[in-house]
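Good morning, colleagues. Please look at the sequence and the model on the screen, and I shall take you through several parts of the chain in turn.

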Amino acid sequence: MSDVSVSSDRPAVGRESKTEPGGLSSTLVLALGTFAVGTDAFVVAGFLPSMADSLHVSAARAGQSVTVFAGAYAVLSPVLATATARLPRRTLLVLALLTLGVANLGSALAPNFAVLIASRVLAAAGAAAYTPCAGAVSAALVRPELRARALAVVVGGLTVATALGVPLGNLASHWLGWRTALGLVAALCLLVAAWLRVIMPALPGNARVPLRTRLAVLRRPAVLAVLPLTVLGMGACYTAYAYSVPALAAVDIPESALLWMLFLYGLGAVIGNLAAGYATDRWGSVRVLTTGYVCMVLALGLLAWLAAADVSLRVAVGLLVLLWGASSWCQTPPQQHRLIEVAPQEAPLVVSLNSSSIYLGIGLGTVLGGLTLPAGMATVYGLGAGLAFVALLFLRVTARSAARAD
């Protein structure tokens, strides 16, 4: 791929950041935006059963709303990166959040499943425009040795949303109904958009690069060795997580304790993400990812055994759910770091492609989970563990090949 995207993006951001007090404050604001985006993306899992009942569809079909969101995000991310290239970065981020807010109002008012699906596509467009831009800007605002930590802070908005969005969605759905819960998400997106407009520094847009030119980076073997791993890893963790309410019920977690288990998953996600950012800077991406996938195999494999054996070990389940969350969300900082290392001149693009891969993985996991749901949650957990093991093998094989090439 040509170097047009770098010369037009990273230096412009870098020049702007020199006039700012520092990259940290801007990174924290970007993380606030990813929190709003993440709340929208993950809140549905907290009230999937009640939404299914209200719209008169099965839980597996209701899960298609997650699949459609993920698929639309994956397709739209590189397209929107091209279409919005010339927009000033602050303008793009604010418009993306406004789109997300309007889409959630549509979801909250949806009279039927078809309208809900249409609103989720619009929501995916807002998320696809926001998240890659936020990740690329955060990486450019700091010194290279702090890049993984900056990415971890921005991704931390998503993981905090995982920690709070799903359980709060479950709680709001229980007390107020799922429609009100989505209305609250819409209000959050609109409020954060206004806050970003006030706090974020003005950053210039970039020169427009044709989509074909952008996607030429996919011809690089080093990039192709990274992106499929993101799909596999996110597919592994989301196979069961998309159906977290019945998944936790299958390991003898009563409804009264469900909220706390969802918080444990989210706490693990936050810890795993932040620890991964620090550990990647210190020990490297491959070691961090290896540790994460081993932990994911163990967590999901043991949950599958507990579901199959019908054994009640709630403390053990809590620890496994914590480990599940940590291993799921430790992936993104090292994966983005690997991509920026192999394609530094196309950092905004490869971050965008990684975001597409994240949502392709979420869509893959949701589809596979829905297909195996009738076979029982032990099968769903086991499938997730199997995908995590495949991800581990893929990582080790590609890392060994890259080492030999060097």
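Is Ala240 buried or exposed? Ala240 counts as buried, because its relative accessibility is 2%, and the cut-off for that class is under 20%. Before I go further, I should state that this is a predicted model.

Let me stay with Ala240 for a moment. The residue is found in helix 12, which runs over residues 227–241. When neighbours within four places in sequence are left aside, Ala240 is in contact with Ala247, Trp324, Met377, Val380 and Tyr381. There is also a C-alpha separation to report: Ala240 and Leu300 are 60 residues apart along the chain, and their C-alpha atoms are separated by 8.8 Å.

With that residue in mind, I turn to the chain as a whole. Its secondary structure comes to 19 helices and zero strands. Of its 406 residues, 58% count as buried. Among contacts with a separation of 6 or more, 87% are between residues 24 or more positions apart. As for the surface, the chain exposes about 15400 Å², and carbon and sulfur atoms supply 69% of that area.

I next consider helix 19, residues 377–405, through two of its threonines. Thr398 lies in this helix and counts as buried, because its relative accessibility is 15%. Not counting residues up to four places away in sequence, Thr398 touches Ala225 and Arg338. Thr379 also has its place in helix 19, but at 36% relative accessibility it counts as partly exposed. The C-alpha atoms of Thr379 and Ala304 are separated by 6.9 Å, although the two residues are 75 residues apart along the chain.

Helix 15 offers a check on geometry. Does its length agree with what one should expect from its residue count, or disagree? Helix 15 holds 25 residues, 285–309, and at 1.5 Å a residue it should span 36 Å; its end C-alpha atoms are 36 Å apart, so the two values agree. Directly after helix 15 comes Asp310, whose phi is positive, near 55°. Asp310 is a residue other than glycine, and it lies in the loop between helix 15 and helix 16, the latter being residues 314–329. Asp310 counts as exposed, because its relative accessibility is 66% and the class begins over 50%.

A comparable description applies to helix 3, residues 48–55. Its buried residues are Leu48, Met51, Ala52 and Leu55. Seen down the axis of helix 3, these buried residues fall within an arc of 100°, so they line one face of the helix. The general background is that an α-helix has 3.6 residues a turn, so residues three or four places apart point the same way. Helix 3 is followed by His56, with a positive phi near 60°. His56 lies in the loop between helix 3 and helix 4, residues 59–62, and is exposed, with a relative accessible area of 72%.

I come now to charged side chains. How many salt bridges does a search of the whole structure find? The search finds one. In it, the side chains of Arg314 and Asp252 meet at 3.4 Å, N to O. The pair links distant parts of the chain, 62 residues apart: Arg314 belongs to helix 16, whereas Asp252 is in the loop between helix 13 (244–249) and helix 14 (255–283). In general, side chains of opposite charge can pair when their charged atoms come close. Both partners are partly exposed: Arg314 has a relative accessible area of 42%, and Asp252 has a relative accessibility of 31%.

Finally, I draw your attention to the surface. Which residues make the nonpolar surface patch? Val160, Leu164, Leu168, Leu171, Trp175, Leu176 and Leu184 make this patch, which covers about 650 Å². Helix 8, residues 147–176, gives the most to the patch, with six residues. Leu171 lies in that helix and is partly exposed, with a relative accessible area of 33%.

To close, I return to two points. The search of this predicted model finds one salt bridge, and the chain comes to 19 helices and zero strands. Thank you for your attention.

Definitions and conventions
Residues numbered from 1 in each chain as written. Predicted model: local features only at pLDDT ≥ 70, side-chain atom pairs only at ≥ 80, totals over all residues. Heavy atoms only, no water. Helix = DSSP H or I, 4+ residues; strand = E, 2+ residues; numbered from the N terminus. Expected span 1.5 Å × (residues − 1). Buried < 20%, exposed > 50% of the residue type's maximum accessible area, 1.4 Å probe, protein only. Contact = heavy atoms within 4.5 Å. Patch = residues over 30% accessible without salt bridge, like charges linked within 9 Å, V, L, I, M, F, W, Y side chains within 5 Å. Areas by Shrake-Rupley, 256 points an atom, 1.4 Å probe, with all protein chains shown as cover. Salt bridge = Lys/Arg side-chain N within 4 Å of Asp/Glu carboxyl O. Arc of directions from axis to C-beta.
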